[in-house]
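This report walks through selected side-chain contacts, helix packing and burial in the structure shown below. It begins with a single residue and widens from there.

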Amino acid sequence: MSAPKYLAIVKKIEALIRSGQFKEGSQLPTHRELAQQLGTTPITVAKAYKTLAERKLIESFVGRGSFVCNHSQLSDVIRAESSEPEKNLSILQPCLSQHSERLNQVFSQILNRGNEALYGYVEHTGLARHRLMGAMWARHYGLEVTDHNEVVLASGAQHALSALIQCYTQPGDTIAVEALTYPGILSMANMLGRKVVAVAMDGEGMLPHVLDDLCQSSDIAMVMIVPSHQNPTAATMPAERREQIAAVINRHRVWLVEDDIYGFLNPQPIAAITNFAPQYSFHITSLSKAVSPGMRCAFIKTPATECDRLAAFIRATIWLPSPIPFAAAALLIHSGEAFRIAEEQRQIALHRQQLAREQLAGFTLYSQPDSYHLWLELPAYWQADAFTLAAKNRGILVSSASYFKADPLTVTPDAIRLSLMAIENEPALVSTLNQLAELLKRDTRFDYVHC
Ligand SMILES: Cc1ncc(COP(=O)(O)O)c(C=O)c1O
């Protein structure tokens, strides 16, 4: 039996959108026009458009028509600038004012030193001492790494993720991710034509038996996991769960990308998943969350067999990440300052989590005691996108659960992610959380009754 006609239309339009032939924001033909062109009925086209809208590929407006969605998830989630920076609960970054002066000094020190090697081309992907410092940084937070030759430098974790997807998967391949995940992974996979499949999670992160079944039943090219203070749910995998995930990776011999960018927030180091599946795992750390996102310094620990291949890919694409910020990173790591700054940020997060729990008392919150962010389950009368918009209309930026959904066909959980670190000034943070709590308490569904 052939598939229903409306699904064939969905498939065709989806392909045109994904290939860029139907541009973001462009208007689709009306139901009647397309029905005429395809020799079908307007009802069939309407059904196809409804499915495309459910998949968040198009948006339909009464009286105006249907338009290709703007996939601006990343810019929606990662908003560095807002009209009122004191109300930004959206961006996950350290409280920079604590140590920005020290960063100025370190960079001046580096640039005044007349270190010519930093201005030239450097062999491999980076200088040995920078890779050595990367190994030292990652080891401190639970990664087993003895040979710095297995460490490759990248210009931030996002660059690391993109290099790994491009180097180790092909267009059309499937990548397994946490059901709610960092939108940078979703937009990267989408842009590169890789499919993502959502793996169910619980309070400790991705479920090993679900991953196992998936690897058994389908062709999975890569698994991507954020094991600590997961973005967005803040779930942290305990050691036992990590070993179980590693067992699945080893059994199915599938590539694992372990993005441990928030690992420094664990009060005690937790063994990396990579430790238990070193042949198949790439482990990413970065200084973006612990020290400064502007430095763009990330370290990838590769399986012993893969270092040259990944290094060659990075060389072919950008030659190498600039050694200048890595020189600053190496200085901070070697002196121990980077670890102190990271711990200082963890303490700030710890304190802010307590403040947030006071301001948002009575609401259902998920986080670790020292996470940068928390996951807030909305009261039954609020939906995630509607609340995000209502908060935005009051100048407060929060991140809707819809930004993090790996499977666009699933129902969006009624939840939002709140970053507690983007607002530098603590009284301003408390006041913003307070305003948010007021809005959360307001059931606006019946406001029109009073109009
Ligand atoms: C899980 C995760 N990975 C990677 C990144 C990007 O990090 P970087 O600034 O090092 O590129 C982020 C930023 O929010 C993130 O949350």
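In this predicted model, C215 has a relative accessibility of 12% and therefore counts as buried, since that value is under the 20% limit. C215 belongs to helix α9, and once its neighbours within four places in sequence are set aside, C215 is in contact with I220, V248, H252 and V254. The C-alpha atoms of C215 and R394, which stand 179 residues apart along the chain, are separated by 45 Å.

**Packing of α9 and α10**

The helix that holds C215 packs with α10: the axes of α9 and α10 come within 9 Å and cross at roughly 10 degrees. That crossing angle is under 35 degrees, and α9 and α10 are therefore roughly parallel to each other. From α9, the residues P208, L211, D212, C215 and Q216 take part in the contact, and they meet R241, Q244, I245, V248, I249, R251 and H252 of α10. Sorted by class, the contact of α9 with α10 has six nonpolar, three polar and three charged residues.

Two of the residues named in this contact, R251 and D212, also form a salt bridge, with the closest N and O atoms 3.2 Å apart. Because R251 lies in helix α10 (residues 239–252) and D212 in helix α9 (residues 208–217), the pair ties together parts that are 39 residues apart in sequence. D212 counts as buried because its relative accessibility is 18%, under the 20% limit.

**Further salt bridges**

The count of salt bridges comes to ten, and three of the pairs are set out here with their N to O separations.

| Pair | N to O separation | Location |
|---|---|---|
| K50 and E54 | 3.3 Å | both in helix α3 (residues 42–54) |
| R251 and D212 | 3.2 Å | R251 in helix α10, D212 in helix α9 |
| R346 and D370 | 2.6 Å | R346 in helix α13, D370 in the loop between β12 and β13 |

K50 and E54 are four residues apart in helix α3, which is about one turn of the helix. In general, an α-helix has 3.6 residues a turn, so residues three or four places apart point the same way. K50 counts as exposed because its relative accessibility of 54% is over 50%, whereas E54, with a relative accessible area of 45%, is partly exposed.

The side chains of R346 and D370 also meet in a salt bridge. Since R346 lies in helix α13 (residues 337–359) and D370 in the loop between β12 (364–366) and β13 (373–377), the pair ties together parts that are 24 residues apart in sequence. Both R346 and D370 are buried. In addition, D202, E204 and R241 are linked in a network of salt bridges.

R346 appears again in the surroundings of N266, a residue in the loop between β9 (255–259) and β10: with neighbours within four places in sequence left aside, N266 is in contact with S228, H229, T236, R242 and R346. N266 counts as buried because its relative accessibility is 9%.

**Aromatic pairs**

The structure holds 13 aromatic pairs. One of these pairs joins Y168 and F282, whose ring centres are 4.7 Å apart and whose planes lie at 45 degrees, so the pair is tilted. This pair links distant parts of the chain, with Y168 in helix α7 (residues 157–168) and F282 in strand β10 (residues 281–286), 114 residues apart. Y168 is buried, with a relative accessible area of 6%, and F282 counts as buried at a relative accessibility of 0%.

A second pair is formed by W382 and F387, where the ring centres are 5.0 Å apart and the planes stand at 80 degrees, so the pair is edge-to-face. W382 and F387 are both buried. Beyond these pairs, W137, Y141, F264, F339 and Y372 form one aromatic cluster.

**Burial of α8**

How many of the nine residues of helix α8 (residues 183–191) are buried? Seven of them are, which leaves the helix mostly covered; the buried residues of α8 are P183, G184, I185, L186, S187, M188 and A189. Just after α8, G193 takes a positive phi of about 75 degrees.

Note on methods
Residues are numbered from 1 along each chain as its sequence is written. This is a predicted model: local features need pLDDT of at least 70, side-chain atom pairs count only at pLDDT 80 or more; totals for chains, interfaces and linings use all residues. Side-chain values use heavy atoms; hydrogens and water are left out. A salt bridge is a side-chain nitrogen of Lys or Arg within 4 Å of a carboxyl oxygen of Asp or Glu. Buried means under 20% relative accessible area, exposed over 50%, partly exposed in between (1.4 Å probe, protein chains only). Axes are lines fitted to C-alpha atoms, for helices over the stretch in contact, and angles run from 0 to 180 degrees between N-to-C directions. Angles under 35 degrees count as roughly parallel, over 145 as roughly antiparallel, 65 to 115 as roughly perpendicular and the rest as oblique. Contact means heavy atoms within 4.5 Å. Ala, Val, Leu, Ile, Met, Phe, Trp, Tyr, Cys and Pro count as nonpolar, Asp, Glu, Lys and Arg as charged, and the others, Gly among them, as polar. Rings of Phe, Tyr and Trp (its six-membered ring) pair if their centres lie within 6.5 Å; planes under 30 degrees apart count as stacked, over 60 as edge-to-face and the rest as tilted.
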